[in-house]
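Student: Could you show me how to read a protein surface that faces DNA?
Tutor: Sure, let's take it feature by feature.

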Amino acid sequence: MLIVAFLFRETRMMSTKGVLGSPKPAKRVKLTSVEPTRDELLEERKKLPIFPAKGKLLQNVQQVSTAIIIGETGCGKTTQIPQFLYKAGMHRNHTIAITQPRRVAAISIAERVSKEMGTELGQTVGYCVRFEDVSCQATKIRFMTDGMLLRESTLDPLLKRYSFVILDEAHERTVHTDVLFGVVKGAQKRRRAKGLPQLKILVMSATMDVDQFSQYFDCAPVFYLEGRQYPIQVKYSVQSQSDYLFSALVAVMQIHQEAPLGQDILVFLTGQEEIESAVHTLRDIVKDVTKQYAPMIVCPMYAALPTGQQMRIFQPTPGGVRKVIVATNIAETSVTIPNIKFVVDTGMVKAKIFNPNSGLDMLKVCWVSKSQAWQRTGRAGREAPGTCYRLYTEEEFEQFSTNTIPEIQRCNLSSVILQLLALGISDIVHFDFMDKPRPEAILAALDQLVLLGAVEKQEKVQLTLLGRQLAAFPLDPRLSRVLLGAKEFDCLEEMLTVVSLLSVESVFHTPYNKRDTAHAARQKFISSEGDHLTLLNVYRAYKGVKGDKQWCQENFINARNMQTASQIRKQLREICVHLQLPFKSCGQNTGVIRKCLCHGFFTNAAELQHEGVYKTVASKKTVVIHPSSSLFMRKPGCVIYNELVQTSKCYMRNLSVVDPQWLYEAAPTYFKRKKTAN
DNA sequence: GAGCACTGC
């Protein structure tokens with residue numbers, strides 16, 4: 001391979017002050033072999049930039065009901081502020097909730113804080129995430145995922161247990177945090193009106209949309225905390241790059257030849273295939289027989305990678321070797337990789353774009369936002385000064401949007417709206433969103449809920465009894481509808497399995513260079529009736545070997561996803577017990593499973609046209625079967641699918657063969673209306 | 001004829 005050096009222009013330094021935005025703190029606790037004592041921890045804590053600000057911060061928080069706290073990397077706000085409030089008795093014997101967008105973060109921070117306080121985890125300090133509640137009535141500092149607090153609010157909209165809600169990482173703008181903004185603001189007002197104890201809100205963020213946060217919370221005061229981040233040189237590409245993948249490889253080899261060994265490189269690319277191919281190319285280049293290159297360990301990193309292989313990025317690099325990690329945006333926030341000296345940022349990300357008009361999801365490679373670019377840059381300066389190579393020009397950077405569009409403005413809202421209705425909020429269009437979703441998206445979601453029988457539109461929109469039951473499940477309403485429908489078909493046991501497996505990423509693992517072997521291994525699970533029954537076969541086989549890891553590996557089954565599916569199944573089963581649904585199995589009568597699926601997915605049907613091309617029943621859109629489907633080679637006449645994803649073509653994913661008559665039986669009014677409309 | 005960013009309940 002030809003290696004061409006290309007020039008970078010150094011224009012900026014990213015320092016403790018940040019340039020535009022600032023990177024977020026890493027929430028993963030570092031793997032250390034020696035446990036520090038509590039005294040050592042205290043010494044460490046005293047050095048945090050937040051420590052000298054303690055008095056002033058508490059005094060201000062005392063006076064206001066809501067505050068925005070802007071804290072840069074490593075300032076200690078997440079771990080220290082809850083402790084300050086608690087020690088000062090400001091929690092007034094109630095609980096302080098601190099939300100996080102990610103589970104691992106909630107868990108590891110809780111572990112850290114309980115260690116700092118010298119208490120047993122789950123007592124004064126605890127956490128609560130899906131499948132795991134390590135807290136008790138006596139817990140005063142409770143770390144939780146934003147989704148968990150949102151779920152809790154449907155049981156108690158006034159959040160009476162809490163005296164403080166701290167929404168951390170607010171700049172990430174997850175759907176859950178965005179809905180919580182409105183929920184906690186409303187709870188605060190209503191508690192005041194009812195004369196109940198005050199609910200204080202702290203919004204913690206690391207961004208520039210400070211004004212928007214402050215304005216939304218009735219001009220709440222803003223506190224700035226200084227961070228602790230090493231300076232990072234930012235170098236822009238002098239020319240626009242036409243092939244970012246190639247440019248990334250060139251940049252890596254250039255750094256490899258120029259920089260001392262032992263300084264590791266993190267490269268941001270967009271997806272699994274691209275990453276695997278880059279990894280193989282780099283490995284091929286350095287193993288060149290002429291031995292002109294120093295040894296290099298190249299690790300891929302993306303969410304679908306099995307855990308064992310993911311862990312390789314944390315192994316210390318041996319002397320005289322360079323480690324290169326090629327990652328998706330998973331390395332922006334979710335995992336912190338130690339010892340990164342160089343970041344190579346292609347400026348590209350694969351993003352899901354939702355079109356509310358067509359209801360279609362699209363996966364598209366796009367430019368990142370400025371805040372994302374700074375986040376990537378920040379990954380180079382965690383332990384020492386570093387360098388970030390941007391494979392785009394400064395002019396191109398200036399064209400990037402300031403922030404990533406909040407998730408709530410680019411996702412299907414049916415689940416969110418069902419939850420808001422369950423919270424007793426019926427006027428969704430006028431709900432106090434910080435950034436309102438498009439009205440079309442709200443209406444489309446309401447239409448879907450009406451079709452499912454979850455919502456009635458009389459004078460105002462309201463939940464039906466069925467809708468209330470659907471809201472009890474942590475699922476897409478269509479999947480919940482399938483579960484509730486199972487009692488008519490005596491197949492709840494099977495539906496629980498199918499729905500759980502549909503709730504996780506693919507259970508099939510297809511490694512880059514073993515595609516054929518993986519496909520061959522998969523054959524024994526395949527059902528001619530479609531993917532849902534194929535999934536059921538996999539689950540039965542998995543349970544048959546009691547979830548044996550070796551078996552998973554031999555059969556190219558992703559053990560982690562199977563385990564998650566089992567946990568989800570258990571959770572869903574408990575909800576079904578609560579709703580007194582009858583647990584029955586359909587045995588070999590697999591047709592009822594597909595019939596039952598029609599009750600949630602009757603809008604997602606397609607009919608075969610010619611040469612393997614299908615047209616959707618709902619909108620006559622041309623679609624094809626995804627190559628990962630067990631029906632890819634079969635082409636049945638009529639199918640239902642769980643989702644459409646537009647990439648190079650419009651693909652149907654997770655399909656089952658159905659009889660058109662079943663569709664009609666599942667939703668007669670819908671199909672009658674369609675007939676008249678056509 | 002051929003493929004899937006990341007979270008979360």
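Tutor: First, the classes: Ala, Val, Leu, Ile, Met, Phe, Trp, Tyr, Cys and Pro count as nonpolar, Asp, Glu, Lys and Arg as charged, and the others, Gly among them, as polar. This is a predicted model, where local features need pLDDT of at least 70, side-chain atom pairs count only at pLDDT 80 or more, and totals for chains, interfaces and linings use all residues. Residues are numbered from 1 along each chain, chains are lettered from A, and side-chain values use heavy atoms, without hydrogens or water.

Student: How many residues of each class does the surface near DNA strand B have?
Tutor: "Near" asks for a heavy atom within 4 Å. Here that gives 12 nonpolar, 14 polar and eight charged residues.

Student: Which residues come nearest to DNA strand B?
Tutor: Ala303, Lys350, His626, Ser628 and Thr647, out of 34 around the strand. Of the DNA strand B atoms within 4 Å of the protein, 54% belong to sugar and phosphate.

Student: What lies 2.6 Å from a phosphate oxygen of DNA strand B?
Tutor: For polar contacts, look for a pair of N or O atoms within 3.5 Å. At 2.6 Å, the partner is a backbone N or O atom of Ala303. Side chains do this too: an N or O atom of Thr328 sits 3.3 Å from a phosphate oxygen, and a polar atom of Tyr651 is 3.4 Å from one.

Student: Which element gives the most to the surface near DNA strand B?
Tutor: Helices here are DSSP runs (H or I, at least four residues). H5 leads, with three residues.

Methods
Polar contact = N/O pair within 3.5 Å; in protein donor to acceptor, adjacent residues only side chain to side chain. Helix = DSSP H or I, 4+ residues; strand = E, 2+ residues; numbered from the N terminus.
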